[in-house]
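Biologist: Please show the sequence and the structure, so that a few questions can be discussed.

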Amino acid sequence: MPKGLKSVSYDPSTTLNAVSGLQPALLDRIRRLVEIESPSDDKASVDRCVDAVSDLAAELGGKVRRHRQRAFGDVLELRFEPAPGRKKNQPPLMLLGHLDTVWPLGTLQGMPFRIAQGRAWGPGVLDMKAGVVMGLTAIEALLATETLERPVTVLLNSDEEVGSTVSRPITEELARKCAAVFVLEPAQGLAGAYKTARKGVGDYTIRIQGVAAHAGVDFQKGHSAIHELAWQLEKVRGFTELDRGLTVNAGVIRGGTRTNVVAAEAEAEIDVRIARAKDAARVDRKFHALRVRDRSCVLHVEGGMNRPPMERSRATVALYRRAATLAEQLGFSLEEAATGGGSDGNFTAAIGVPTLDGMGAVGEGAHASHESVVLKHLLPRTSLLAEMIRTT
Ligand SMILES: [Zn+2]
């Protein structure tokens, strides 16, 4: 097809029709993946899910490469080539996702995959097995209509829910070669907004060692790790700057043994969110500048920023605007949103690759027992994804 004519002569209903024909396959594939439980901490289980997606990708004509891992499930890299004569030598487009879930083995027994009330329910259905299936099905529709215009790399990891430590270097290396990254994480809220900004995420642990003593007999010989920690946490609370989108939350504390013992140990695990990349170093300095008030206690600070923020860049906004226009042609309106949650899109955006996130399923209850995907959005969203791939 001559360049420039593409947008004039192409009717998006072609894509919609191709995707519609795949609806039964779409639902069946989502069910199949949800029924293979894949908690991040169980390599064998996640690998079974990786196997199933590899088989599906191979059926669709994709080239499969597995980046083997020891501690986590393998990282799956799939490659789809455009029809002959298309922009074969163009940088590929990346679809990014993960196959692990937060749900432990056995969850399916109490929370089986089911279709009810216009939704598909089950562990990991929204975050993000439906998104993975939507991505592959969008590619299948483009292949079937011979409208895949450039190579597509689909990268699916197995450790996203536990921080993406092993997959991050692979994601970044491959993303650097790509024209853009489309993240298959769920859309925002029931309106299903695409995500153009995400906060960066950090984790810190503060450990206090105090001096134990009998709370009745030797009170003054004791140096309470708990009281010291409480004092430190008051300081940490002051790190929050809401107007900058910077929040600090002590989500877990532990310490002490009995009420009649002055506590020798206490610790807190703290979650940090930043909206701006340049706040990372500043917050880090504040944590490392913490000093004990009770000199007989010892304080350790561990941790740091785990994901840089995905800032709302011009390139991301351009992708979103195109998506909104295509959505309109497909008959629905598309919002954009910022979120405090992190994804692997944070990594690709931070290295400067145009990244659009939230391109997966619409639903609610990720990580919760009412996790579900709204069925009526599946076809339009998969079509939009296909159109975004086709026009990039
Ligand atoms: Zn996810």
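The questions and answers below concern the metal site and some salt bridges.

Modeller: This is a predicted model, in which local features need pLDDT of at least 70, side-chain atom pairs count only at pLDDT 80 or more, and totals for chains, interfaces and linings use all residues. Residues are numbered from 1 along each chain as its sequence is written, and side-chain values use heavy atoms, with hydrogens and water left out.

Biologist: Which residues are the protein donors of the zinc ion?

Modeller: Donors are N, O and S atoms within 2.8 Å of the metal (3.2 Å for Na, K and Ca); water is not among the atoms, so sites may look incomplete. Here they lie 1.9 to 2.6 Å from the zinc ion. They belong to His98, Asp127 and Glu185.

Biologist: Are histidine 98 and aspartate 127 buried or exposed?

Modeller: Buried means under 20% relative accessible area, exposed over 50%, and partly exposed in between (1.4 Å probe, protein chains only). Histidine 98 and aspartate 127 are both buried.

Biologist: How many salt bridges does the structure hold?

Modeller: A salt bridge is a side-chain nitrogen of Lys or Arg within 4 Å of a carboxyl oxygen of Asp or Glu. One of them joins arginine 66 and aspartate 51 (2.6 Å, N to O). The structure's total is 31.

Biologist: Which residue forms a salt bridge with aspartate 357?

Modeller: In this pair, the N to O distance is 2.5 Å. Aspartate 357 is buried, as is its partner. That partner is arginine 198.
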